[in-house]
Amino acid sequence: MKTITAWLTGACLSAGTLTAQTTQVFTVKANQLKTPVQKTMWGIFFEDINFGADGGIYAELVKNRSFEFATPLMGWKEQKQNNANGSILIINRGEQVPNPRFARFTVRSASGYGISNEGFRGMGITANNQYDLSLLARVPEGNVQLRIELVNAANEKIGETSLTLSGKDWKKYTASITAKATEAKAKLNIWFEGTGVVDADMISLFPKNTWKNRPGGLRADLVQLLADMKPGFLRFPGGCIVEGKELTNRYQWKKTVGAINEREVIVNRWNTEFRHKLTPDYYQSFGLGFYEYFLLSEDIGAEPLPILNCGMACQFNTAEVVPTEELDPYIQDALDLIEFANGPADSKWGKLRAQMGHPAPFNLKLMGVGNEQWGEQYIERYKLFAKAIKEKYPAVQLVSSVGPNPDGPLFDYLNPTLRGLKADLLDEHYYRSPDWFLKNAKRYDDYDRNGPKIFAGEYASHSKGVGNSENINNWQSALSEAAFMTGLERNADVVHMASYAPLFAHAEGWQWTPDLIWFNSLQAYGTPNYYVQKLYSLNKGTHVVPMTLNNEIAAGQNGLYANACIDSVAKEVIIKIVNTGATPQTSEVAIEGVKKLAANATAEVLKNGDLQQANTFAQPAGISPQQETIKLKGKKVPVTLAPYSFQVIKVKML
Ligand code: AHR
C-alpha cells in the first residue's frame, strides 16, 4: 500500500522544488472549439448493492414483506404479550406464481399476539410524517382485527392505527399512521385482536412523502441528491447484479414490471459475496423495477441506459454461459425492452408501459450488452445481440464490455476485437489507486479519434486497494478523481459518458466501499467524490477549448491538472484546475480569443488540507464547494491554488 507521500511524489514535484512565488501561467483559447461535450458526459451508475435499492432508494420500510426470503420469517418476529397464544404457518401456493408464499396467523388469545418487522437495520420514521400501511389479507375463520403500531428502539409507541378485516377473499387493506416522534430504529408491530385465522401477504409501509409523493415510491432525499447532479444518463441495474452469481439469479427485466405483488423476489447476489460483510437478509423485491428506473431517469433528466444480461453469469463467480444456440430468449428480452420503452401503446410491451402509467415512450437510445464480461465467449454472444438489435433498431447505440480492467490481457483482447467489430461504445472500468488516477490523466489523449466512443462506466479511486473494507471516501480519492476527470473532459470527442461507481451505501448494510452517497434510515450525505462529480456535471459546458500550462496540456506538472470548456449558450468560459500538491500556488489564467470578459469570475472551490478527511453524518458537508469571487485583470484571471484543491472558475464572455 502506498503512503500519501508516495502518492504525491509519484505525480507532482516535491514541495522543495516549488516556491510559493512561482506563478503558473495557464492559457485558454476560448474561440477555438475543439469538440462538443456530450449531454450524456457525466451520469450515474445505479446498482442494488450496499442496500442501494431495497433498504435504500426504494422507500419500502418493511423487510421481507411477502415472506419470500429463503428464511421466510427473516425480518419478522412473533410477539406474545402475557403468554398470548397464537402461531404462524408459512403457506406456499406452488411454483407457478411469482410470489408463492403467504403467512397464516392462527390467533387463539383475544389480545397480546402479534408480529413485528425490524425494517432494513431499523425503520427511519420522522415526527409528523404520514406512513401508509397496506397488506393483502383474508379471514378464513373467526373475527380478527388489526392494531398497528410504530414503536421506537425502547419499544415506546410513536404512532398507531387499526384495520378492520373481513371476508374469506383476499382484499387489499390500507391505513395510515402519523408519527409522533422521530426514530432511526423504529419497528412495526401488528397486533391481532379477537380470535380466528388471518392470512396475510405483501405487508408494506411507505412514507407518504416519497419522491414526487408517488405512493410506493422512492426516498425523496436520496433522489434529490441525484437530481441535484443533473446527470446526463442513468445506468441501471448494474453492475454484477445484471449477471447474477449464476444464471438463475441474473437480472430479468420482465420479472420486474407489472403489478408489484407479481414481481418475483430473488436473493441479491451481494448477499454473501464478501466474507467481511455478509448480509444474509439482502434480497431483491424489484419494487424498484425497470418501469421505475425509466421513470427515475425521466424525472432527473437522464438518458436511460439499461444493461442487459447477455447469457453470461458473473465471471468472478460461476461464469456460466448459455449455449449460443439457446440465446434467442435473451436477445428477445433486449428487443422487447426496446418495445417496452419506445413502442406504441398498442404494441405488446408498449401496452404494458401504458398500463403502468406512461403511455408516452421513454425514448430509449442506449443499451448495454452484458456488464463486465470478457473472453471469446463474450464476443460470440455480443455479435448475436448486436446483429439482432441493429437489424431491428439501428438507432439504438450499444454499450459493450471491455472487461473488468483498463489494461491487461482481457482488455488487450476485447479492445481491438470490439473496435474491429465497429462497436458503438466501449465500457471501461477502473477501480484503482489514487496514484493510478493521477498517472492516467492523459489516458485518452492518444486514443483513436475515429473508433468506438468510450463509456467510463465504473470508476473510483480506492486508497487502500480494491475489495479492501477500509477504503473510505476521503479527500485523497476524490481529488485524484477530479484530476483524472480533466483528462476525460479534455477528450470529450472520444469519451462520451462517465460514471462513478457504486452510487449508494447504507451505513449499516454496505458490502463495497467507497461509494458516492452514504445514507442511514434517516439521513444521507454526499461524499467529497459526490461533490467532484456534481461540479463536473453542473459545469460541463458545451465545447472543450484548448487550455495549456506553459504551452503544455496541464496533466501533472507541479501537481496541477486543468481543462477548459465554454458554454456557448450561457456565454461562459469554464475552467477546472486541480492542485494535488501540498503547497499553495499562484496562477494566472489568460483567456484569449474573446472580445471582453466580465469584471469578476466566480469560483466553486473544494479543498482540504488533510487528504484523509471525509464527510460524515455529523459533518455531511465538511468537504463541499465554497463560493469565491475573483477580480479579473483585463483578460487574465488571477487564481490562488490552495493545497489539495479543485476549483471550477466561470467567467462571463461579454
Ligand atoms: O461497482 C461494484 C461492482 O464492480 C460492479 O457490480 C461490477 O460491475 C464491478 O466489478
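These legends accompany close-up views of a predicted model.

**View 1. The protein chain is assigned three domains, domain 1, domain 2 and domain 3.**
Domain 1 is built from two segments, 5-36 and 543-652. Domain 2 also has two segments, 44-59 and 211-536. Domain 3 covers 76-207. Between the C-alpha centres of domain 1 and domain 2 the distance is 31 Å.

**View 2. Domain 1 meets domain 2 across an interface of about 3,000 Å² buried area.**
The size of an interface is often given as the accessible area lost when the parts come together. Here, carbon and sulfur atoms account for 71% of the buried area. Domain 1 contributes 38 residues to the contact, and domain 2 contributes 35. Ten residue pairs are in polar contact across this interface. On the side of domain 1 that touches domain 2, at least two residues each come from α1 (4-11), β2 (35-36), β28 (560-567), β29 (572-579), β31 (600-607) and β34 (645-652). Strand β28 gives the most, with four residues. By class, this side of domain 1 has 21 nonpolar, twelve polar and five charged residues.

**View 3. One salt bridge spans the interface of domain 1 and domain 2.**
Glu489 and Lys576 form a salt bridge. Their closest N and O atoms are 2.5 Å apart. Glu489 falls within the 211-536 segment of domain 2, and Lys576 within the 543-652 segment of domain 1.

**View 4. Helix α2 carries five buried residues, Leu222, Val223, Leu225, Leu226 and Ala227.**
The helix runs over residues 220-227. Several elements cover its buried residues, including the helices α3 (290-299) and α10 (528-538). Among the covering strands are β3 (44-45), β22 (504-506), β23 (517-519) and β24 (524-526).

**View 5. Asn271 sits in the loop between β14 (266-267) and β15 (283-284).**
Asn271 counts as buried because its relative accessibility is 6%, under the 20% cut-off. A polar atom of its side chain lies 3.1 Å from the backbone oxygen of Tyr282. Beyond its neighbours within four places in sequence, Asn271 is in contact with Lys277, Leu278, Thr279, Pro280, Asp281, Tyr282 and Tyr283.

**View 6. Cis peptide bonds precede Pro237 and Pro514.**
Most residues other than glycine have a negative phi, and most peptide bonds are trans. The bond joining Phe236 and Pro237 is cis, with omega about 0 degrees. Pro237 belongs to the loop between β13 (233-236) and β14. The bond from Thr513 to Pro514 is also cis, and its omega is near 10 degrees. Pro514 lies in the loop between β22 and β23.

**View 7. Asn64 and Lys230 have positive phi values.**
Neither residue is glycine. Phi is near 65 degrees for Asn64 and near 45 degrees for Lys230. Asn64 is placed in the loop between β3 and β4 (76-80). Lys230 is placed in the loop between α2 and β13. Asn64 is buried, at 4% relative accessible area. Lys230, by contrast, is exposed, at 57% relative accessible area.

Terms used
Residues numbered from 1 in each chain as written. Predicted model: local features only at pLDDT ≥ 70, side-chain atom pairs only at ≥ 80, totals over all residues. Heavy atoms only, no water. Domains from an automatic or database assignment. Contact = heavy atoms within 4.5 Å. Buried area = accessible area lost by both parts, 1.4 Å probe. Salt bridge = Lys/Arg side-chain N within 4 Å of Asp/Glu carboxyl O. Polar contact = N/O pair within 3.5 Å; in protein donor to acceptor, adjacent residues only side chain to side chain. Nonpolar A, V, L, I, M, F, W, Y, C, P; charged D, E, K, R; others polar. Buried < 20%, exposed > 50% of the residue type's maximum accessible area, 1.4 Å probe, protein only.
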